[in-house]
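Work through the exercises below with the sequence and the model at hand. Try each task before reading its solution.

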Amino acid sequence: KMKVVSLPAGTDWKAFASVCVVCGIGFTVSMFIAALSYHGIAGGEDLLAQAKLGVLCGSVIAAILGCVLLNKYLPKNNN
């Protein structure tokens, strides 16, 4: 909107947003932070298991949604 940068030719904001959804797949740091957060507290093992399940479910949802959106909104190459 500020006209500082522009999207690559042949793309639009829907394609850009689709690529952004794929960024939700990264879960390594989330697992590491969860392990540090729940280490040594009462019930920490259960909380860590729940955190890991939540991170993995979020990553799977991001991967599936990202694939669907990319397939729908990325420009098709007609060579």
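The exercises cover helix packing, cysteines and one backbone angle.

The model is predicted, so local features need pLDDT of at least 70 and side-chain atom pairs count only at pLDDT 80 or more, while totals for chains, interfaces and linings use all residues. Residues are numbered from 1 along each chain as its sequence is written, and side-chain values use heavy atoms, with hydrogens and water left out.

**Exercise 1.** Determine how helix α2 is oriented against helix α3, and list the residues that meet.

Solution.
- Locate the helices, which are DSSP runs (H or I, at least four residues) numbered from the N terminus: α2 spans residues 28-37 and α3 spans residues 44-73.
- Take the angle between N-to-C directions (0 to 180 degrees), using axes fitted to C-alpha atoms over the stretch in contact. For α2 and α3 the angle is about 165 degrees, and the axes are 10 Å apart.
- Therefore α2 is roughly antiparallel to α3 (angles over 145 degrees count as such).
- List the contacts (heavy atoms within 4.5 Å): S30, M31, A34 and A35 of α2 meet L48, A51, K52, V55 and L56 of α3.
- Sort these residues by class: 7 are nonpolar, 1 is polar and 1 is charged. Ala, Val, Leu, Ile, Met, Phe, Trp, Tyr, Cys and Pro count as nonpolar, Asp, Glu, Lys and Arg as charged, and the others, Gly among them, as polar.

**Exercise 2.** Repeat the analysis for α1 and α3.

Solution.
- The axes of α1 and α3 are 8 Å apart, at an angle of about 160 degrees.
- α1 is therefore roughly antiparallel to α3.
- From α1, K14, A15, S18, V19, V21 and V22 meet A62, L65, G66, L69, L70 and Y73 of α3.
- This contact has 9 nonpolar, 2 polar and 1 charged residues.

**Exercise 3.** How many disulfides are there?

Solution.
- Apply the rule that a disulfide is a pair of cysteine sulfur atoms within 2.5 Å. The count is 0.
- For C20, the nearest cysteine sulfur is that of C23, 5.7 Å away.
- C20 has a relative accessible area of 39% and is partly exposed, whereas C23 is exposed at 61%. With a 1.4 Å probe and protein chains only, buried means under 20%, exposed over 50%, and partly exposed in between.

**Exercise 4.** Describe the backbone and surroundings of K3.

Solution.
- The phi of K3 is near 60 degrees, a positive value in a residue other than glycine.
- K3 lies in the segment before α1 (13-22).
- Its relative accessibility is 74%, so K3 counts as exposed.

Definitions and conventions. Helices (H or I, at least four residues) and strands (E, at least two) are DSSP runs, numbered from the N terminus. Angles under 35 degrees count as roughly parallel, over 145 as roughly antiparallel, 65 to 115 as roughly perpendicular and the rest as oblique.
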